[in-house]
Amino acid sequence: MNADNRSSIALLAFAALVLAALPASAADVAGVKLADTESLAPGAPPLALNGAGLRKRAFFQVYAIGLYLPQKKASGAEAIAAPGPKRIAIHMLRDVDADQFTDALVEGMRNNQSEAQMKAFEPRIAQLSAIMAEMQEAKKGMRITLDNVAGGTQLTVQGKAAGKPIAGEDFYRALLGIWLGEKPVQDDLKRALLGGTQ
């Protein structure tokens, strides 16, 4: 082996070591890097990135979103029904008024829930609306997470808890239904969140 070959192999080996030392990023959606695992709290078991995709409305890119689960699921129904901690991580790609953001979530829930279920959710939807109203605007670059924790649905903004948890795992399942239900907000986004391509 000549000196040129040896130096090429050494360079490739060095590049491989450098890449291995970099933080893992399992997905890049519209320039947003989503980690392959996230934990809901320090020391908590890591959740795996199930899938990630881009929410579009007309010609606009609204947000990049990742779904984190304890174990990967390829079915929307299985992902919704699975117990335990979960995370929906939303990275805003444009400014959206808080009321518009909340209205879009509620509309997505309504498309996948019965009238009776939506009626039962009204106090908790009001709690979600109040939390969002305090935020005033979901600004471009902002990271919003919806976590399924022991106390219910915890909303965080830029890593800080916003409001108290919204009680009931049924409410979190209804939120997941926005993207993974039988009538998802965007078909190709559902596919992407379940590990497919968009």
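This note walks through one helix, two pockets, a cavity and a single exposed residue in a predicted model.

1. **Helix H3, extent.** Start with H3, which covers residues 98-110. The helix has 13 residues. Its first and last C-alpha atoms are 18 Å apart, close to the 18 Å expected at 1.5 Å a residue.

2. **Helix H3, buried side.** Which residues of H3 are buried? They are Ala98, Phe101, Thr102, Leu105, Val106, Gly108 and Met109. These buried residues sit on the same side of H3, because they cover an arc of only 160° around the axis.

3. **Helix H3, outer face and cap.** Gln100 and Asp103 are exposed, on the face of H3 turned away from its buried side. At the N-terminal end, Asp97 acts as the cap of H3. One of its side-chain oxygens lies 2.9 Å from the backbone nitrogen of Asp99.

4. **Largest pocket, size and centre.** The largest pocket holds about 430 Å³ of space. Its lining is made up of 18 residues. Nearest the centre are Arg55, Arg57, Val62, Gln100 and Ala104. Gln100 deserves a second look: this residue is also one of those on the exposed face of H3.

5. **Largest pocket, who builds the lining.** Two or more residues each come from strand E4 (47-57), strand E5 (60-69), H3 and helix H5 (169-180). Which element gives the most? H3 does, with six residues. Sorted by class, the lining has 10 nonpolar, three polar and five charged residues.

6. **Second largest pocket, size and centre.** About 180 Å³ of space lies in the second largest pocket. Its lining has 13 residues. Ile80, Asn112, Leu180, Gly181 and Glu182 are those nearest its centre.

7. **Second largest pocket, who builds the lining.** Helix H2 (76-81) and H5 are the elements that give two or more residues here. H5 gives the most, with four residues. By class, the lining divides into four nonpolar, six polar and three charged residues.

8. **The cavity.** How many cavities of 30 Å³ or more does a search of the whole structure find? The search finds one. The largest cavity has a volume of about 40 Å³. Around it stand Ile65, Leu67, Ile88, Leu176, Trp179, Leu180 and Leu193. By class, this lining has seven nonpolar residues, no polar ones and no charged ones.

9. **H5 in the cavity wall.** E5 and H5 each supply at least two residues to the lining of the largest cavity. H5 gives the most, with three. Leu180 is worth finding in the model: it is among the residues lining the cavity, and it is also among those nearest the centre of the second largest pocket. H5 also appears among the contributors to the largest pocket.

10. **Ala81.** Is Ala81 buried or exposed? Ala81 belongs to helix H2. It counts as exposed, because its relative accessibility is 52% and the cut-off for exposed is over 50%. Along the chain, Ala81 and Asp170 are 89 residues apart. In space, their C-alpha atoms are separated by 9.4 Å.

11. **Where to look first.** Begin at H3, which gives six residues to the lining of the largest pocket. Then turn to H5, which gives four residues to the lining of the second largest pocket and three to that of the largest cavity.

Terms used:
Residues numbered from 1 in each chain as written. Predicted model: local features only at pLDDT ≥ 70, side-chain atom pairs only at ≥ 80, totals over all residues. Heavy atoms only, no water. Expected span 1.5 Å × (residues − 1). Buried < 20%, exposed > 50% of the residue type's maximum accessible area, 1.4 Å probe, protein only. Arc of directions from axis to C-beta. Polar contact = N/O pair within 3.5 Å; in protein donor to acceptor, adjacent residues only side chain to side chain. 1 Å grid on protein atoms, 1.4 Å probe; cavity = no way out; pocket = protein on both sides within 12 Å on 5 of 7 lines; lining within 4 Å. Points joined across faces, edges and corners; volume = space filled by probe spheres on them. Nonpolar A, V, L, I, M, F, W, Y, C, P; charged D, E, K, R; others polar.
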